[in-house]
Amino acid sequence: GLPITIHAGGKGRVALLEKEGMLGPDVQLINPTGFDEADYARIVRSKAHVCFSPFAEMRSSFISTRLLDLLKHGIVVSLSIDTAAISGNNDMFANMHTLIDTQFVIYKDPMSISARQVLELATINGARDLGIADRVGSLTPGKRADLILVRTTDLNMAPLGDPVQAIVRSAQPHNVDTVVVDGLILKRSGQMTALDVEKIVREASESMATLRARAAV
């Protein structure tokens, strides 16, 4: 009964998963590089989901995935980081910037995808992809109180025009003033309230030093 996540980029992998009976509505396929029309049909038949990780895909496969090809088939698509070690960051804003620009390049059309579509991939579609859209992903009565408040008076955000365009095209992590998860304030006035950042950095540095010593590098 657990949902399944699998990195499935490359040619032939979706066909193999279908052949082995391993596609279904509980399966999330990450890094859809190398997919073709036959693969899209397999995903539609199985009701599987697809997750993009723009930085990871470019850095590991040297390919930018064709988002609109997936969307036109009605496939549920979301946006993720993959892993920080590959992506180089945990910055969802940067992922949104990169995704929209690479799609403009692929389809040679600045109107091929809207900022709102990209924002939905990073929010409500992530919840749909994980099967928890009844609890998170949008500001709806009855759902968890998950909020991110972005300062629009910072130099890179002001003066504010379309807020969705500003978030997708201009926002950066330092613009995040407040974060609330399930009603619990985790960041306020740009400062973490639930984490000891210095301790985390210190312990991570100690862990790296230990690993290097054990590996003699």
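Let's start with D39, which is buried in this predicted model. Its relative accessible area is 3%, and because anything under 20% counts as buried, the label fits D39. In terms of secondary structure, D39 belongs to helix α2, the run covering residues 37-46. If you set aside the neighbours within four places in sequence, D39 still has contacts to V14, A15 and G34. Those are the residues to pull up on screen if you want to see what D39 touches beyond its own stretch of chain.

Now for the strands. One open sheet is built from four of them, lined up as β1-β2-β3-β4, and the pairing is parallel. At the edges you'll find β1 (4-7) and β4 (77-79); each has a single partner strand, so one side of each has no neighbour in the sheet. Going from one strand to the next, the twist averages 25°. For a closer look inside this sheet, take β2 (residues 27-30) and β3 (residues 49-52): they run parallel and are joined by three bridges. To pick out a bridge by residue, go to L29, whose partner in β3 is V50.

There is another open sheet further along the chain, again with four strands, this time in the order β5-β6-β7-β8 and with antiparallel pairing. Its edge strands, β5 (147-150) and β8 (191-192), each pair on one side only. Between them in the order sit β6 and β7. Strand β6 spans residues 176-181 and strand β7 residues 184-188, and three bridges hold the two together in the antiparallel sense. Here, V181 is found opposite L184 in β7.

What about empty space inside the model? Rolling a probe the size of a water molecule over the atoms is how such space shows up. Searching the whole structure turns up one cavity of 30 Å³ or more, and the volume of the largest cavity comes to about 50 Å³. Its lining is made up of F52, P54, E57, M58, S64, T65, T98, L99, T102 and Q103.

Which helices supply at least two residues each to that lining? They are α3 (54-61) and α6 (92-107). Of the contributors, α6 gives the most, with four residues. As for chemistry, the lining of the largest cavity is a mix: four residues are nonpolar, five are polar and one is charged. One more link ties the cavity back to the parallel sheet: F52 is among the lining residues, and β3 covers residues 49-52.

Conventions
Residues numbered from 1 in each chain as written. Predicted model: local features only at pLDDT ≥ 70, side-chain atom pairs only at ≥ 80, totals over all residues. Heavy atoms only, no water. Pairing = 2+ DSSP bridges. Axes fitted to C-alpha atoms, helices over the stretch in contact; angles between N-to-C directions. Buried < 20%, exposed > 50% of the residue type's maximum accessible area, 1.4 Å probe, protein only. Contact = heavy atoms within 4.5 Å. 1 Å grid on protein atoms, 1.4 Å probe; cavity = no way out; pocket = protein on both sides within 12 Å on 5 of 7 lines; lining within 4 Å. Points joined across faces, edges and corners; volume = space filled by probe spheres on them. Nonpolar A, V, L, I, M, F, W, Y, C, P; charged D, E, K, R; others polar.
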